[in-house]
Amino acid sequence: MKNSRIYGAALLAVGIIILGLCIRWGINDFANKDRKVTVKGLSEKVVEADKVTWPVVFKEMGNDLPELYDRIARKQQTIKSFLLKNGVKDSEMEFNAPRVVDMNAERYSVNQKPYRYNITSTITVTSRNVKLVRSIIARQGELLKQGIAIVEGDYDSQIVYEYVSFQNMKPKMMQEAIANAETTAKQFAENSHSELNKIVSADQGQFSIDNRDQNTPYIKKVRVVTTVTYSLKN
């Protein structure tokens with residue numbers, strides 16, 4: 001009988017201790033539930049473009065349309081031969097339809113034009129061999145010796161450099177961004193005499209690809225910023 005009382009008292013004591021601990025943990029959780037820190041993590045890489053789109057544009061002016069089309073066809077073949085000789089593949093070239101402007105049909109034109117027709121021809125080169133195409137662009141003046149002047153494209157016909165392989169580096173960059181955010185959060189927790197707890201929420205963030213600067217559009221800067229919220233504890 002006496003042993004039963006002792007055993008019952010021991011169980012009661014253990015229950016009271018467990019209840020006290022639970023109450024304490026609950027109070028701590030309640031006290032810390034609003035203690036959070038939100039930080040941003042950054043990952044940034046500088047890479048070379050791996051795709052280039054080069055509109056090769058030239059113009060012809062005159063009054064005789066059939067003659068103009070013959071001249072354009074000859075120059076297109078000359079440009080094609082030049083590109084093939086320098087390493088551009090036939091599959092990387094696209095011949096666009098010539099764009100014809102009838103100068104006499106211009107509504108707001110008041111001056112008599114020396115030529116009636118202004119025809120723009122474009123051969124679009126699209127390649128993953130960026131270095132090769134850049135070297136050809138630098139030597140396009142060689143076409144002048146053959147009577148072909150490559151003109152700078154309009155606003156919608158600029159040379160475009162892209163970095164299309166960034167999907168392969170996204171996972172690693174996300175890891176770096178989150179690690180960067182965690183380092184910042186740990187420093188904040190240390191300064192506030194707290195400990196970093198679990199992640200409450202995280203924003204994956206968006207990737208951006210921009211030119212490193214205006215002078216080297218073939219050099220790209222890949223960037224991602226992620227936002228992470230951590231809970232803090234004493």
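Two helices and their buried faces

Reader: Which residues of H2 are buried in this predicted model?
Author: In this predicted model, helix H2 covers residues 65-85. Taking buried to mean under 20% relative accessible area, the buried residues of H2 are Leu68, Ile72, Gln76, Ile79, Phe82 and Leu83.

Reader: Within what arc do the buried residues of H2 fall, seen down its axis?
Author: The buried residues of H2, among them Leu68 and Phe82, line one face of the helix, because their directions, seen down the axis, are confined to an arc. The face turned away from this buried side carries the exposed residues Pro66, Arg74 and Lys85. The arc within which the buried residues fall is 125°.

Reader: Which strands and helix are included in what covers the buried residues of H2?
Author: The covering elements are those in contact, with heavy atoms within 4.5 Å. For the buried residues of H2 they include strand E2 (51-62), strand E3 (93-95), strand E5 (117-127) and helix H3 (130-138).

Reader: How far does H4 reach from its first C-alpha to its last?
Author: Helix H4 (residues 170-191) has 22 residues, and at 1.5 Å a residue the expected span is 32 Å. The reach in the model is close to that expectation, at 32 Å.

Reader: Where do the buried residues of H4 lie, and within what arc?
Author: The buried residues of H4 are Met173, Met174, Ala177, Ala181, Ala185 and Ala189. Seen down the axis of H4, they line one face of the helix, since they fall within an arc of 150°.

Note on methods
Residues are numbered from 1 along each chain as its sequence is written. This is a predicted model: local features need pLDDT of at least 70, side-chain atom pairs count only at pLDDT 80 or more; totals for chains, interfaces and linings use all residues. Side-chain values use heavy atoms; hydrogens and water are left out. Helices (H or I, at least four residues) and strands (E, at least two) are DSSP runs, numbered from the N terminus. The expected span of a helix is 1.5 Å times one less than its number of residues. Buried means under 20% relative accessible area, exposed over 50%, partly exposed in between (1.4 Å probe, protein chains only). The arc is that of the directions from the helix axis to the C-beta atoms.
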